[in-house]
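The following explanation is intended for a reader who meets this structure for the first time. It begins with one residue and then moves outward to the whole chain.

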Amino acid sequence: MQRFILALAACVGLLAHVSSPVLAQGAPDGDKPGMVTMNATVISATVENVDKAQRIVTLRRPDGSTVDFVADERVRNFDQIAKGDKVRAEVYEETAIFVRPATEKPTGRQEGKVQVAPKGDKPGMVGIDTSEMTARVDVIDYQNRLVTLTGPQGNQRTIKVSDDVKRFDNVKLGDEVVVRHTKALAVGIVKE
């Protein structure tokens with residue numbers, strides 16, 4: 001069973017990884033353009049050393065190099081980490097971009113949730129962050145495939161719409177462009 005470790009979440013950017021992007025065309029109402037991209041990354045390392053007094057964990061990456069992480073006091077069950085433990089991080093990212101009829105003025109929001117391992121278990125965590133921003137379509141140049149968007153703070157930006165985007169001619173003045181990004185991270189000590 002996989003367990004997760006909060007202090008080692010930073011290893012996501014530092015360890016070797018495997019990615020698999022996916023692209024799907026579509027939108028919630030079906031007649032406006034939209035797309036979803038997904039990416040999954042799995043990262044692994046081995047605990048090389050644990051300095052319990054300093055709360056430093058040394059990880060050995062698959063390429064043989066090492067990296068140190070300091071586990072702060074929020075990391076539950078730190079005393080459970082031992083040399084030879086296998087660390088696994090899984091990162092899932094999804095970005096959805098779609099156009100819909102306007103429902104309100106442009107907005108921006110962000111939410112996050114974290115769950116840590118129960119007391120007495122191997123240290124770990126699962127976290128999910130979601131952010132969403134909407135912008136209003138204020139100018140459309142169908143021939144040159146340009147739109148001018150107004151964001152939540154009134155800032156405007158003109159962007160070129162790729163030829164890959166289908167149903168561009170269904171975008172109307174006043175429509176909303178929605179960008180929703182979700183990132184889920186699970187990091188922990190795993191048993192072999």
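## A guided reading of the model

V47 touches V57, T58, L59, I81, A82, K83, G84, D85, V87 and I189, leaving aside residues up to four places away in sequence. The model in which these contacts are found is a predicted one. Beyond this first core position, a second, separate core of ten residues includes V99, A135, V137 and V161.

V47 also has a place in the largest nonpolar core, which has 19 residues. The residues with the most contacts inside this core are V47, V57, L59, F78, I81 and V87. Two or more of its residues come from each of β3, β4, β5 (66–70), β6 (86–100) and β11 (176–190). The largest share, four residues, is supplied by β3. In soluble globular proteins, nonpolar side chains tend to be buried together.

The wider setting of these cores is the fold of the chain. The secondary structure of the protein chain comes to zero helices and eleven strands, and along the sequence the pattern reads β-β-β-β-β-β-β-β-β-β-β. The protein chain has 192 residues, of which 36% count as buried. Among contacts between residues at least 6 apart in sequence, 69% join residues at least 24 apart.

T130 offers an example of such a link between distant parts of the sequence. This residue is found in strand β8. The C-alpha atoms of T130 and H181 are separated by 5.6 Å, although the two residues stand 51 residues apart along the chain. With residues up to four places away in sequence not counted, T130 touches R109, Q110, E111, R180, H181 and T182. With T182 there is also a polar contact between the two side chains, at 3.4 Å. Is T130 buried or exposed? Its relative accessible area is 18%, and T130 therefore counts as buried, the cut-off being under 20%.

A charged residue can be examined in a similar way. K32 is found in the loop between β2 (22–25) and β3. Because its relative accessibility is 7%, K32 counts as buried. Which partners does the side chain of K32 reach? One is the backbone oxygen of N170, reached at 2.8 Å. Another is the side chain of D175, with which the side chain of K32 makes a polar contact, also listed at 2.8 Å.

Two arginines in loops deserve attention for their backbone geometry. Most residues other than glycine have a negative phi. Phi of R55, however, is near 60°, a positive value in a residue other than glycine. R55 lies in the loop between β3 (34–51) and β4 (56–60). Since its relative accessibility is 15%, R55 counts as buried. Phi of R145 is likewise positive, near 55°, in a residue other than glycine. The loop that holds R145 runs between β8 (124–141) and β9 (146–150). R145 has a relative accessible area of 16% and is therefore buried.

The description now turns from packed residues to open space. The largest pocket encloses about 420 Å³ of space. It is lined by 20 residues, and those closest to its centre are M35, I97, V161, S162 and V165. The elements that give two or more residues to this lining are β2, β3, β6, β9 and β10 (156–160). The largest share, three residues, comes from β6. By class, the lining of the largest pocket has 15 nonpolar, three polar and two charged residues. V161, one of the residues closest to the centre of this pocket, is also included in the second core.

The second largest pocket has a volume of about 200 Å³. Which residues line the second largest pocket? They are M133, A135, L149, T150, G151, P152, N155, Q156, R157, I159, V177 and V179. At least two residues of this lining are supplied by each of β8, β9, β10 and β11, and β10 gives the most, with three residues. By class, the lining of the second largest pocket has seven nonpolar, four polar and one charged residues. A135 thus appears in the lining of this pocket as well as in the second core.

Terms used. Residues numbered from 1 in each chain as written. Predicted model: local features only at pLDDT ≥ 70, side-chain atom pairs only at ≥ 80, totals over all residues. Heavy atoms only, no water. Buried < 20%, exposed > 50% of the residue type's maximum accessible area, 1.4 Å probe, protein only. Polar contact = N/O pair within 3.5 Å; in protein donor to acceptor, adjacent residues only side chain to side chain. Core = buried A, V, L, I, M, F, W, Y, C linked by side-chain atoms within 4.5 Å. Contact = heavy atoms within 4.5 Å. 1 Å grid on protein atoms, 1.4 Å probe; cavity = no way out; pocket = protein on both sides within 12 Å on 5 of 7 lines; lining within 4 Å. Points joined across faces, edges and corners; volume = space filled by probe spheres on them. Nonpolar A, V, L, I, M, F, W, Y, C, P; charged D, E, K, R; others polar.
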